[in-house]
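This report walks through selected features of one protein model, with the sequence and coordinates at hand. Please keep the structure open while reading.

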Amino acid sequence: MIRAISNDYAIKTTDEPGVYEGLRELWCVTFGDEPEYVDATYDYFGGDIRGYAAVDRDGQVASCLTLYKCGVFEDRPVYVSYAVCTREDSRGLGLAGSLSKAVMEEVISQGGISIVSPAERSLEDFYAGLGYEPYFFVSERAVMSPDLDADEFDDFDDYDMDFGTDETEPLSPALELKRIDAGSYSRYREAFLSGRPHVELSPAMMRLAEAESMGGCGLYSINGGDAVCIVEEAGPARVVLTELLVSPVLLEISGDIDSEIASMIAKHFDAAETVYRTPGWGRCQSMAAGLTAVKDTDEFGYMYEEAYYGFPVD
């Protein structure tokens, strides 16, 4: 049972009357989402989601987070603490930290793994202070469409741009993208990630990934199953892939095949570039508690620098 934070604040869950409404209101005020979006998120996860709130003596939600089961890692359930927020007049009291730590400890005590995906790198220190460690990593890159001259596009300071060379011919001169459902995507995903430490995402998480990709975006197979990707955004400036997974067979042929595919995806959508994520060493995508990152002092400091989470709800 989760303890109270102090004499002034009790921890309650959305199983209790009035808590969900207060959580939803604070979520919307903090993140600018519509109430229908919060309702839909809870609907997707059904019994695998619950909200926790620090409630003041007047019964008002002062701080809250939403906990949902996103999948399984090493045969253990993985729970994400998401949409952590605090009412403006209650900030600076340590409520979010106390609430997050209490929920984390409850998850671990029940045999689960608790993870967070910090929206900003500055938040990594905050979560490290609660007991989380960097664990799941992702490689992020951006490549230009082959139809775009590098001199015509200079807004790429935030990304590792790959302009290619005249000596390299793309392995895939054209791409066939086909929309697929969440179940089909999940089967490809597990086949491509076999042998790599990764979170096996739950059906609910995959349905949410599908729902988050709207307006012509979505889940795609590439060239009949050579690769799969989640297209989050597709506009004239860029295509954003929250995940690009390539068949291990193709990766054996060319270590650059992911960038070649990403470049052709930009061309497919008539965009200037594709920004994409793949498994591999890069930035910390998620921090974990309930797992011990074995030290590897040779280079990066952790043995699991390439453990992979995948699609998060950013």
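How many salt bridges does the count come to by the rule used here? The count comes to 12 salt bridges, a salt bridge being a side-chain nitrogen of Lys or Arg within 4 Å of a carboxyl oxygen of Asp or Glu. The model is predicted, so local features need pLDDT of at least 70 and side-chain atom pairs count only at pLDDT 80 or more, whereas totals for chains, interfaces and linings use all residues. Residues are numbered from 1 along each chain as its sequence is written, and side-chain values use heavy atoms, with hydrogens and water left out.

Three of the pairs are set out below.

| Salt bridge | Closest N to O |
|---|---|
| R57 and D8 | 3.1 Å |
| E140 and R277 | 2.9 Å |
| R283 and E140 | 3.0 Å |

R57 lies in the loop between β2 (49-55) and β3, and D8 in the segment before β1 (10-13), so this pair ties together parts that are 49 residues apart in sequence; helices (H or I, at least four residues) and strands (E, at least two) are DSSP runs, numbered from the N terminus. R57 is exposed, with a relative accessible area of 64%, while D8 is partly exposed at 40%, where buried means under 20% relative accessible area, exposed over 50%, and partly exposed in between (1.4 Å probe, protein chains only).

E140, in strand β6 (residues 133-144), forms a salt bridge with R277, which belongs to strand β13 and is 137 residues away from E140. R277 is buried, with a relative accessible area of 12%, whereas E140 is partly exposed at 33%. E140 also meets R283 in a salt bridge, and this second partner is in strand β14, 143 residues apart from E140.

The loop between β13 (273-279) and β14 (283-289) holds G282, a residue that counts as partly exposed at 32% relative accessibility. G282 touches F137, V138 and S139, not counting residues up to four places away in sequence, contact meaning heavy atoms within 4.5 Å. From G282 to F136 the C-alpha distance is 9.8 Å, although the two are 146 residues apart in sequence.

Turning to the helices, which residues of helix α6 (residues 203-212) are buried? They are A204, M205, M206, L208 and A209, and the buried residues of α6 pack against α2 (35-45), β3 (61-73), α5 (182-193), β9 (200-201), β10 (218-222) and β11 (227-234).
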